[in-house]
Amino acid sequence: MFTIEHDYDATVVTLVDEGKAPLLEDVIINAFEDCVTITQVDPRTDQVVRITVSLSQLRDLQAALDLPEGVYQLRKDGT
């Protein structure tokens, strides 16, 4: 399950783990104009862990999900 909310400066997507236990903590994704943050509570330490990725890194991740092993570099012309 997931939710989508549009805040003033970001779109917030929350991913809720469903299914059989053990379940993981919710993942919260904040999409800003210039970056994306991903946060999740670490249940071992009860601390919030935050990762920030640039839009360029996000595009690379999107491309990587459909490619085999290797080293790649996206070009500005989209290839």
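**Strand pairing and contacts in a predicted model**

Me: How many bridges join β2 to strand β3?
Reply: The model is predicted. Strand β3 covers residues 27-31 and runs antiparallel to β2. One of the facing pairs sets Thr11 opposite Ala31 in β3. The number of bridges that join β2 to β3 is five.

Me: What is the order of the strands in the open sheet?
Reply: The sheet is open, has five strands and is paired in the antiparallel sense. Its edge strands, each pairing on one side only, are β1 and β5, the latter at residues 47-54. From one strand to the next the twist averages 15°. The order is β1-β2-β3-β4-β5.

Me: Through how many residues does the hairpin join β1 to β2?
Reply: Strand β1 spans residues 2-6 and pairs with β2 in the antiparallel sense over five bridges. At one position along this pairing, His6 stands opposite Thr11 in β2. The hairpin that links β1 to β2 passes through four residues.

Me: Which residue of β2 is the bridge partner of Ile4?
Reply: Ile4 is found in strand β1, and β1 pairs with β2 over five bridges. Its bridge partner in β2 is Val13.

Me: Which residues of β2 point to one face and are buried?
Reply: In a regular strand, side chains alternate between the two faces of the sheet. Strand β2, at residues 11-15, follows this alternation. Thr11, Val13 and Leu15 point to one face and are not buried, which leaves the other face to the buried side chains. Those are Val12 and Thr14.

Me: How many of the five residues of β1 are buried?
Reply: A residue counts as buried under 20% relative accessible area. Strand β1 lies largely in the open because, of its five residues, the number buried is zero.

Me: What is the area of the nonpolar surface patch that includes Ile4?
Reply: Ile4 belongs to strand β1. In the patch, Ile4 is joined by Phe2 and Leu15. Leu15 is among the β2 side chains that are not buried. The area of the patch is about 300 Å².

Me: How far apart in space are Val27 and Gln40, C-alpha to C-alpha?
Reply: Val27 lies in strand β3. Beyond four places in sequence, Val27 touches Val13, Thr14 and Leu15, and also Ile38, Thr39 and Gln40. Val27 and Gln40 are 13 residues apart in sequence, and their C-alpha separation is 5.0 Å.

Me: Is Asn30 buried or exposed?
Reply: Asn30 has its place in strand β3. Leaving aside neighbours within four places in sequence, its contacts are Thr11, Val12, Cys35, Val36 and Thr37. Its relative accessible area is 16%, and the limit for burial is under 20%, so Asn30 is buried.

Me: What is the relative accessible area of Ile38?
Reply: Ile38 sits in strand β4. Apart from neighbours within four places in sequence, Ile38 contacts Val27, Ile28 and Ile29, along with Val49, Arg50 and Ile51. The C-alpha atoms of Ile38 and Val13, 25 residues apart along the chain, are separated by 9.5 Å. Ile38 counts as partly exposed, its relative accessible area being 31%.

Me: At about what angle to β5 does helix α1 run?
Reply: Helix α1 comprises residues 55-64. The helix lies across β4, at residues 35-42, and β5. Its angle to β5 is about 90°.

Me: Which residue forms a salt bridge with Asp42?
Reply: Side chains of opposite charge can pair when their charged atoms come close. A search of the whole structure finds one salt bridge. Asp42 is buried at 14% relative accessible area, whereas its partner counts as exposed at 74%. With the closest N and O atoms 3.0 Å apart, that partner is Arg44.

Terms used. Residues are numbered from 1 along each chain as its sequence is written. This is a predicted model: local features need pLDDT of at least 70, side-chain atom pairs count only at pLDDT 80 or more; totals for chains, interfaces and linings use all residues. Side-chain values use heavy atoms; hydrogens and water are left out. A salt bridge is a side-chain nitrogen of Lys or Arg within 4 Å of a carboxyl oxygen of Asp or Glu. Buried means under 20% relative accessible area, exposed over 50%, partly exposed in between (1.4 Å probe, protein chains only). Helices (H or I, at least four residues) and strands (E, at least two) are DSSP runs, numbered from the N terminus. Two strands pair if DSSP finds at least two bridges between them. Axes are lines fitted to C-alpha atoms, for helices over the stretch in contact, and angles run from 0 to 180 degrees between N-to-C directions. Contact means heavy atoms within 4.5 Å. Patches are made of residues with over 30% relative accessible area and no salt bridge: like charges are joined within 9 Å, nonpolar side chains (Val, Leu, Ile, Met, Phe, Trp, Tyr) within 5 Å. Accessible areas come from the Shrake-Rupley method with a 1.4 Å probe; for residues, only the protein chains shown count as cover.
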